[in-house]
Amino acid sequence: MKLEASARQTAQAVPNRIESWAKVTGQALYADDIEWPNMAYGCLVRSPQAHARILGVDLAAARSMPGVLAAIEGPGSSAPYGIMPSNQDEHALAVDKVTYLGEPVAAIAAESFRQAYAAARAVRVEYEALSPVLKAGAPEKSLPQVREESETGNLHKAVDLEFGDVATGLQTASYRREDRLFYQGNNHVALEPHAVTAFWQPNGQIVVQSATQVPHYVQRSLAKALGVPEHLVRVMVPTLGGGFGGKSELFPHEVAAALLSRRCGRPVRITLSREDVFYTHRGRHPVAMKVETGFDAESRIQAMSFESVLDGGAYGSYGIASTYYTGALQPTTYRMGAYRFHGERWYTTKPPCGPKRGHGTTQPRALLEVHMDRVARDLGLDPIELRRKNLQPAYSVTVNQLDITTSGLAACLDAVERMSSWKERRGRLPYGQGLGFACSSYLSGAGLPIYWNPLPHSGVRIAVNRDGGVHVACGLTDIGQGANTVLAVLAAKALGVCLERVQLTTQDTATTPVDLGSYSSRVTMMAGNALLAAAQHMLSLLTEAAAHHWEVPAEAVARDGEDFCVDGGGQRAGWTEVVRWAEAELGPLAASGGYTPAPPRGRHKGSGVGPSPAYSFSACVAEVAVDDLDGRVQVKRLYVAHDPGTPLNPQSVEGQIRGGAVMGLGEALMEAQAFNPDGRHRGPHLLGYRIPTILDVPEIEVAVVGEPDPNGPMGAKEAGQGPLNPVIPAVLNAVREAIGVDLSETPLTPDRVLRALERRRREEAR
Amino acid sequence: MMPLRPLAVVTPRGEEELLRSLAVEGAVPLGGGSDLIPGLSWELASGDALVSLAGVPALRRTDALADGSVCLGAAVTLAEVARHPLILGAYPALADAARAVGSWELRAQGTIGGNVCLATRCRFRNQPPLWRDALQTCYQSGGDVCHAAPASRTCVAILSGDTVPALAALGAQLEIWGHAARRLPIEDFYSGDGAHHISLAKGELLAAIHLPADPPTAAFRKWRARESIDFPEANAAVSAVWREGAWRAPRVFVSAVGPAPVRVVAAEALLDGADWSEDLLRAAGELARKAVHPYDNGQLNVAGRQIAVRGLVARALGDLQNARRERGL
Amino acid sequence: MPESVLRLIVNGRPQQLVAADEMTLLEVVRDRLHLHGTKDGCAAGSCGSCTLWVDGVPRLACVTLAKTVQDCEIVTIEGLAGWWGKQHAADAAELHPLQAAFAEQGAVQCGFCTPGMVMGGAALLRDTPSPSRAQIQEALSGHLCRCTGYEQIIRAVQAAGRRMLDEA
């Protein structure tokens, strides 16, 4: 059977993915699939120590091994870099000391991967071991300092925000409660491990094909690390096998591949093993949190104080942003009189943490929603009713100065309440079964870029050719979420042409206008708006050309399908014909558009984290059964509602909701980037770090709610990250409902549940 | 990925050639390879010559013998065990255990012999080479320390084959080929030392598994983190014979809590001929919990693993009761 | 370093190459035969991304030594449509119904697990034309997907099964 050729569909019938055919036939090329002529293979030499001074690196043995082309070590090889402008603390290859097990120390290039690997194993590095630093928030003087960039000791960054008078709000509250939660860190586990090919060409240009979500930032950082002008670095992204935040900055293997290529004059491929991915990490921070909230007599939030302590790992990465994010979005769901946030991020000798789907908002949301459930219990209120009393309304400004436009939050609450038969069933299930609720919200793109600049966040260039084809160039990166499809479909819709006319060039820094990257759920919002601007420009060129040709005013020109016509005038011309008229008049046709979000309302320090052109909203009810004998939390069903504004590609939106929910389920039940007391990862492989299999996933009922957002392209908001957030606290709340035990740590593995039940059994026996 | 070191693959076609190949220094039997190959790439296992069992027809047969017993060749895949009519008919607990191993593909590749001989696992050893590079060599790697149990004089790595307790509960015997063929009950096959966990001399091979005629009713239960792929964090199998209105000759085995399966004699004594009330089954489970002493070298927490044993045994015993009721006894 | 002449029939074509005995089938398929559709997600048999068929049985190429499948027939994702076409005397350009169903049902996101999933699912459908939800889950229980949440994959297998029955 033939695949329903997506190219033949009209723009109205949205295909799931314009590139599905390549992915189902094995034709799609990922970073490790592309064979360059004369390519060499690289392998990183990593530290077996979690924290140690480097006394010496001996590359001699490795250099003499068969097939070895180049061997390099840290000192003098590259300049420091980092994703945050104020945190340039990383070297591609460690200089002087190593600060996590797995940190790259040297790199080898050889004729084959086998030879590179064997040589890397032969490199001898002499270390002087230092004490590992494993705990965040432990200002013990005796512990060695991990990074010189620390504020004091191993404190990387402390931030404070206060809006309104929290002390008074708490003091005068008619009811107040404090809760704590430790949220375990976890990894993205994109199925595709990172891979790169870099070629330092003899002409000085450096061409890089890398599995990254952010080619623009990789280009910038790589140029800095290599000490070359940015225009000499070209970053291209092949088909990307998932990101989830784990491929959102420059990594050592990317720098090392370029350095090795310069040494051996050949393209160099470095592909990470699954183990390497767990060391490269940048996953969700482990966070210890405390929240205290005071309510008035009507059960409305009078004041909230939130504290988070993040275990950052060995480098800054996105950490400063992550820290602010743990305090940023509590007020987007709940209106409150006053709000205070204190956050700290600490350096430890573990792989660096960074952004993962829900960046920094997932952990506090888990505690906040568990807290709201406990408040409801104390106050004798239905948990959903308590939320309803406190919802932040649409078209409002939050206590921390965030502008909310559309909000489907109330509709999300209604939807999951209805789908789960909440009113009929909650509180009436037998022991061992429970329903739990939670809601959340997320950004549709960060309001500010990572480094300050006044330039567009996203740019699109549209060329229309005399063959009638439409070429759209944009720096956006399709990480598997369907960004290319959204761009193509929007282009077809905006220009009023069949999808088959549209060709894309994306994820290439040399041939496309900059898009900042696939992070913060920004692509549909920002590339979409840039596309609409460019398309409008192009349409006006074509409309004017038709108007000139027909000698009518431009306003008289209308569209009928792809055709241009004059209402009531009888003139009519096909798309390609009008394109040719325009090219004859104007020369080759090109139009561009950019998008920059409105500046944030807040002017305080830290106000750059949290603002967004629009917020998505989500809610979840989890239905669980907890087995008393084996401790298993079986999630029997999830009900998830999400407000993505206008879903531009309904099938993709559903896919994001389901995928996000299941990733949340994994975080709630099994995933842990955890370490032994000596700093060793508990299991840097897929048996030691477990993600849900097809047998661990319940049926999920999905509802899409909401209305077109005025800031979104054709009304769209995000769907890629938001739906993950409510799942974790919904499961936690359901488990509490099922067994009556409050668990204060994630994930809810069966051993943890069994121990909690055993503790209670012993307490009851006493 | 981490490439394998150079080695030879030998594929003998007959029994004599097989035994000759295995007698060579550095020869290692290769069943399905689903555990051995990653073990080699992580430098957990070593071998100069992998001797494939796949080409020896005698090792791939499932035969019903004249005395009513069944002989399973060591190279029969777990998928075949799980769906074979002879096994489903008389030894359903073994089919359950085989189906609990790994995933669909791993069962299509992995063999019953490989599962019985499966290398023991430990969270402080079953890690990639870099992870272990700066760690003192442990007993299993030829060193003299145990990272999981510093006070232990031997390796405490975990026996992780799911079919082991099921076969033990069924009273299976192992047929060993070597200088002289021998047979032994499966529970005598495991030494209790995780570093040399099975009693096979150089050149010897587990060739077949004999399942008894008129087997007892048996049941198998597994506890792990996920519903698929994962090795057991604890497993259990029980069997008994329903005779004259009561369960007789119960056998209770717990495994994946140490280097060898644990036979819970106290529970067997409690259960033999008694009225199997819910409380009694719980009590038997509690005896099993007390009888095992896992170390913190699995994926899940050690206290949880021990507590889970109670439920596994109680549930498996409950499965026997259900099987009896289904048969109208 | 022992090397052998390896003889395989890959996607219907006889292949002969000299390979070291320690080469995995995944290395042979990807690096020597340049069939990059078969993916390497963990190299330890824990993710299912490298699933292909050996004599019709779905196998994990990363934990299979190539020499142990000497003279076997290998089908990779690149050859599935051809295999299907041969079974049904159909046009070589046609996709296996499961490939089409994956695209149509939204079972493809990043696509990295897709080749392995499709090879596993297609083997199930060959042996079990109308699989239950539980059978689909069991057959795909060794295949990790991080994007979809699996439901669309189950739907794709069901849809393909229905279509295959309708057209049979």
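The expected span of a helix is 1.5 Å times one less than its number of residues. The legends below describe a predicted model.

**View 1. Helix α13 of chain A, end to end.** Helix α13(A) covers residues 483-495, 13 residues in total. At 1.5 Å a residue, α13(A) should span 18 Å, and its end C-alpha atoms are indeed 18 Å apart, so the two values agree. After α13(A) comes Gly496(A). The phi of Gly496(A) is positive, near 70 degrees.

**View 2. The surroundings of α13(A).** A residue counts as buried under 20% relative accessible area. By that cut-off 11 of the 13 residues of α13(A) are buried, so the helix is largely enclosed by the rest of the structure. The buried set begins with Ala483(A), Asn484(A), Thr485(A), Val486(A) and Leu487(A). It also includes Ala488(A), Val489(A), Leu490(A), Ala491(A), Ala492(A) and Leu495(A). Several elements of chain A cover these buried residues. Among them are the strands β19 (458-464), β20 (470-474), β21 (502-506) and β22 (557-560). The cover also includes the helices α14 (523-550) and α15 (575-586).

**View 3. Chain A against chain C.** Here 53 residues of chain A are in contact with 53 residues of chain C. About 4300 Å² is buried between the two chains. Carbon and sulfur atoms account for 56% of that area. Eight salt bridges cross the interface of chain A and chain C. One of them pairs Asp33(A) with Arg30(C), with the closest N and O atoms 2.7 Å apart. The interface also holds 24 residue pairs in polar contact, both residues being at pLDDT 80 or more. On the chain A side, α1 (20-25) and α16 (650-669) are the elements that give two or more residues. The largest share comes from α16(A), with eight residues. By class, the side of chain A that touches chain C has 21 nonpolar, 16 polar and 16 charged residues.

**View 4. Chain B against chain A.** This contact takes 39 residues from chain B and 41 residues from chain A. The buried area is about 3800 Å², with 55% of it from carbon and sulfur atoms. Three residues stand out on chain B: Leu130(B), Trp131(B) and Arg226(B). Together they supply 19% of the area that chain B buries against chain A, more than any other three residues. Polar contact joins 19 residue pairs between chain B and chain A, both residues being at pLDDT 80 or more. From chain B, α8 (129-133) and α12 (302-326) each supply at least two residues of the side that touches chain A. The largest share, seven residues, belongs to α12(B). By class, this side of chain B has 20 nonpolar, eight polar and 11 charged residues.

**View 5. Salt bridges between chain B and chain A.** Side chains of opposite charge can pair when their charged atoms come close. Five salt bridges are counted between chain B and chain A. In one of them, the side chains of Glu227(B) and Arg632(A) meet at 3.4 Å, N to O. Asp627(A) also forms a salt bridge with Arg315(B), and here the closest N and O atoms are 3.0 Å apart. Asp627(A) lies in the loop between β26 (615-626) and β27 (633-643) of chain A, while Arg315(B) lies in helix α12 of chain B, so the pair joins two chains. Arg315(B) is partly exposed, at 26% relative accessibility.

**View 6. Salt bridges within chain A.** Over all chains, the whole structure has 82 salt bridges. One of the pairs in chain A is Glu230(A) with Arg220(A), whose closest N and O atoms are 3.9 Å apart. Glu230(A) sits in the loop between α5 (215-226) and β11 (233-236), and Arg220(A) in helix α5, so the pair ties together parts 10 residues apart in sequence. Glu230(A) is partly exposed at 34% relative accessibility. Arg220(A) is partly exposed too, at 28%. A second pair is Glu701(A) with Arg637(A), at 3.0 Å, N to O. Glu701(A) lies in strand β28 (residues 699-704) and Arg637(A) in strand β27, so this pair ties together parts 64 residues apart in sequence. Glu701(A) is partly exposed at 29%, and Arg637(A) is partly exposed at 26%.

**View 7. A salt-bridge network in chain A.** Salt bridges link Arg177(A), Asp179(A), Arg374(A), Arg377(A), Asp378(A), Arg736(A) and Asp742(A) in a network.

Methods:
Residues numbered from 1 in each chain as written. Chains lettered and ligands numbered in written order. Heavy atoms only, no water. Contact = heavy atoms within 4.5 Å. Buried area = accessible area lost by both parts, 1.4 Å probe. Salt bridge = Lys/Arg side-chain N within 4 Å of Asp/Glu carboxyl O. Polar contact = N/O pair within 3.5 Å; in protein donor to acceptor, adjacent residues only side chain to side chain. Helix = DSSP H or I, 4+ residues; strand = E, 2+ residues; numbered from the N terminus. Nonpolar A, V, L, I, M, F, W, Y, C, P; charged D, E, K, R; others polar. Buried < 20%, exposed > 50% of the residue type's maximum accessible area, 1.4 Å probe, protein only.
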